[in-house]
Amino acid sequence: MNPPNGQISTILHDVEITGSLTFRGELNFDGELRDGDIIGEALVLGARARVHGNIQVASLILHGAVTGDVLVKGRCELKGSANLVGGLTTNRLVMDEGATMIGKAEITPDPKSRPTPPRDTPVSSEFPPGLSSLRSQKL
């Protein structure tokens with residue numbers, strides 16, 4: 001991850017925070033956060049990280065454990081040691097083998113990057129498309 005403003009901050013495993021945390025740039029977090037939220041840009045939660053609260057960031061790489069809802073505007077990576085209990089809303093999801101997620105996931109790609117069909121393309125009322133030809137065949 002390359003933070004847009006070049007700032008990289010680190011919180012080590014021996015730090016415990018009660019309350020919310022807001023940051024700019026990239027944060028490498030390996031500590032514990034309780035009863036609050038993490039809000040910022042690029043977040044990397046290390047293998048020893050424990051978060052009991054919500055996360056709202058532009059990008060996330062999760063190695064540790066989160067209990068709470070996670071909103072990622074861009075790319076979310078759940079590494080093999082990741083454990084997420086709560087809802088996840090993101091534009092892009094990469095989930096490694098071994099990662100655990102318990103909750104609802106909503107993956108909604110950025111509407112700006114989706115191709116739009118030409119206006120002169122007829123819309124078919126057939127759902128699912130292509131099955132009407134099968135109706136005339138004997139099975």
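Two strands pair if DSSP finds at least two bridges between them. Keep that rule at hand for the close-up views below, which all show a predicted model.

**Figure 1. Strand 10 and strand 12 run side by side in parallel.** Three bridges join strand 10 to strand 12, which covers residues 105-107. Because two bridges are enough for a pair, these strands count as paired, with three bridges between them. To find one of the bridges, look for Thr-90: its partner in strand 12 is Ile-107.

**Figure 2. Strand 10 also has strand 8 as a parallel partner.** Here, seven bridges connect strand 8 (residues 70-78) with strand 10 (residues 88-95). A good place to start is Arg-75, whose bridge partner in strand 10 is Arg-92.

**Figure 3. The largest nonpolar core of the chain brings together 25 residues.** The residues with the most contacts inside this core are Phe-29, Leu-43, Leu-45, Ile-55 and Leu-60. Strand 4 (26-29), strand 5 (32-45), strand 6 and strand 8 each contribute at least two core residues. Which strand gives the largest share of this core? That is strand 6, with five residues. As background, nonpolar side chains in soluble globular proteins tend to be buried together.

**Figure 4. Phe-29 and the residues it touches.** Let us stay with one member of the core. Setting aside neighbours within four places in sequence, Phe-29 is in contact with Ile-11, Ile-17 and Leu-21. Its contacts also include Leu-43, Val-44, Leu-45 and Gly-46, as well as Ala-49, Arg-50 and Val-51.

**Figure 5. Asn-54 sits in strand 6 (residues 50-62).** Is Asn-54 buried, exposed or partly exposed? Its relative accessible area is 34%, so Asn-54 is partly exposed, as this class lies between the 20% limit for buried and the 50% limit for exposed. Not counting residues up to four places away in sequence, Asn-54 touches Gly-36, Asp-37, Ile-38, Gly-68 and Asp-69. You can also locate Arg-34 from here: Asn-54 and Arg-34 are 20 residues apart in sequence, and their C-alpha atoms are 9.7 Å apart in space.

**Figure 6. Stepping back, the chain has one helix and 12 strands.** If you follow the sequence from its start, the pattern reads β-β-β-β-β-β-β-β-β-β-β-β-α. The chain has 139 residues, and 35% of them count as buried. Its exposed area is about 9,000 Å², of which carbon and sulfur atoms supply 52%. Among contacts with a separation of 6 or more, residues 24 or more positions apart account for 5%.

Methods
Residues numbered from 1 in each chain as written. Predicted model: local features only at pLDDT ≥ 70, side-chain atom pairs only at ≥ 80, totals over all residues. Heavy atoms only, no water. Helix = DSSP H or I, 4+ residues; strand = E, 2+ residues; numbered from the N terminus. Buried < 20%, exposed > 50% of the residue type's maximum accessible area, 1.4 Å probe, protein only. Contact = heavy atoms within 4.5 Å. Core = buried A, V, L, I, M, F, W, Y, C linked by side-chain atoms within 4.5 Å. Areas by Shrake-Rupley, 256 points an atom, 1.4 Å probe, with all protein chains shown as cover.
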